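Trainee: I am new to this structure and would like a close look at a single part of it. Please take me through the contacts between charged side chains, and then the cysteines.

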Amino acid sequence: EPRGAAGRPLRLGYISADFFTHSVSYFAEVMLARQSTENVLPYVYSNIAKPDQKTERLKSYPSVKDRWREITSLTAVAVAKLIVADKIDVLVELSGHTAGNRLDVMALRPAPVQVTWIGYPNTTGLSTIDYRVTDGVVDPPESTQLFTEKLWRLPDVFLCYTPADDAPESVAPSPSLSNGGIVTFGSFNILAKMQSGVVKLWARVLKACPNSRLLLKAKPFATPMAHERIHKLFESEGVSKDRLDLVPLIPATRSHLEAYNNVDIALDPFPYAGTTTTCEALYMGVPVVTLLAAPENGFHAHSVGATLLKSIGHGELVASSESEYLEIATSLWRDPGRLDSLRRSIRADMLNSPLCDGARFVKNAEAMFLGMWKEKGGVVADFKRPRSAGVLPQAATGSTKAGGGCDGGGARNVGGSERAPVVRATKSPPLKKEKPSKEGEKAMA
């Protein structure tokens, strides 16, 4: 039977442990909030250990509220049977090799087409997962990173950000305007991303910008040991500890975001760039300097910042070398007028970009899933433009009401924490395009 508006809707299953106030949820929410039931029929398989208020809101969206399955206590076989009973056509896992994942279910292949997306910046290594969702900036065609999945590149950017529903309504002026011109650089990424090369480059930035400061916010800074460790690392690079401000986790979402009122310029780490942290900084009007990986030796996690910044029209903040990273940071430091202009415009630029256009993103994503179905041997009927789930886009003023995308709203991973770095995948045989088996043809009927 054909899938799509003129046939029966494509049955799309999302399986994850992160349908709560977690980084993944900022990018998954738009699909739950805006999914069109004309083209696709979404199902959720939730493996959450501790649901929260955001979980309840996600469950309440009309597109999924009657098809929300709790699977935390179920075995892989039981979940697979449930997915088969629901007649899922395309199963999308959103966790990868992170806590609470259900890759054990994916290994059983309960759906004829299986996909990995959002939650993990590397291959799953599973031959039962057919596709990995990405874009042409973060995973360019010439990339040498190895994947067992076939890459499917979305036309704009592979993520759509939904900001916190209690985010500050407006952006504060650059702090340097009120503290004697002293510019504060900052990073709210987890400390595991701040490796030796990052410390060396950030120290070069500070030494090239006299009287500037560096504000770091991370959970370990609640302990003196973490302070001492970071102080020693920067002192070994010639930067005095009195130029560093080390701030621990701030539990409340709004307070966490308001901490960006103390940062003029955000510095992105490498080779594991920020994702949610970068989006939060941009939403609070803080320009982010990032380093794009060279295609011949780069990998997905390194270039996420580049695709985020390019998607909002600020490719000038993307460096292709460490020397260019230093130049971009110092040029911003030297130009308070430009800093103030960026501060005033970046949120609006973000709101009006593909990174925050929920309707556009869902349209592209639904076309992608139907395309995957067709490529694997399924039949696709007419495709209709997705509706906006009854949510009208907000003006670019910082309004963050629920609905998915920046013209909607959402919640955040408290304190800005993100995934810890992962090792690069070892070589695996590439996924080969094959004709569906007789069993597969039956499943696609």
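Mentor: What follows goes through the salt bridges one by one and ends with the cysteines. Keep in mind that this is a predicted model. Across the whole structure, a search finds 19 salt bridges. A few of them are worth taking in turn.

Start with the one between Lys376 and Asp130, whose side chains meet at 3.8 Å, N to O. This pair links distant parts of the chain, with the two positions 246 residues apart. Lys376 sits in the loop between helix H12 (358–375) and helix H13 (438–443). Asp130 sits in another loop, the one between strand E5 (113–116) and strand E6 (131–135). Both Lys376 and Asp130 are buried.

Next come two pairs that each lie within one helix. In helix H7 (residues 253–258), Arg254 and Glu258 are four residues apart, about one turn of the helix. Their side chains form a salt bridge at 3.4 Å, N to O. Arg254 has a relative accessibility of 29%, so it counts as partly exposed. Glu258 is partly exposed as well, because its relative accessible area is 32%.

The other pair belongs to helix H11 (residues 336–351), where Arg344 and Asp340 are also four residues apart, about one turn of the helix. The closest N and O atoms of this salt bridge are 2.9 Å apart. Here the two partners fall into separate classes of exposure. Arg344 has a relative accessible area of 68%, so it is exposed. Asp340, with a relative accessible area of 17%, is buried, because the cut-off for buried is under 20%.

Salt bridges can also join up. Glu29, Lys54, Arg57 and Asp165 are linked in a network of them.

That leaves the cysteines. How many disulfides are there? With sulfur atoms required to be within 2.5 Å of each other, the count comes to zero. Take Cys160 as an example: the nearest cysteine sulfur belongs to Cys356 and is 6.3 Å away. Cys160 is in no disulfide, because a disulfide needs the two sulfur atoms within 2.5 Å. Is Cys160 buried or exposed? Its relative accessibility is 0%, so Cys160 counts as buried. Cys209 is buried too, because its relative accessible area is 0%.

To put the part together: the structure holds 19 salt bridges and zero disulfides. Among the salt bridges are the buried pair of Lys376 and Asp130, and the pairs within helix H7 and helix H11.

Key:
Residues are numbered from 1 along each chain as its sequence is written. This is a predicted model: local features need pLDDT of at least 70, side-chain atom pairs count only at pLDDT 80 or more; totals for chains, interfaces and linings use all residues. Side-chain values use heavy atoms; hydrogens and water are left out. Buried means under 20% relative accessible area, exposed over 50%, partly exposed in between (1.4 Å probe, protein chains only). A salt bridge is a side-chain nitrogen of Lys or Arg within 4 Å of a carboxyl oxygen of Asp or Glu.
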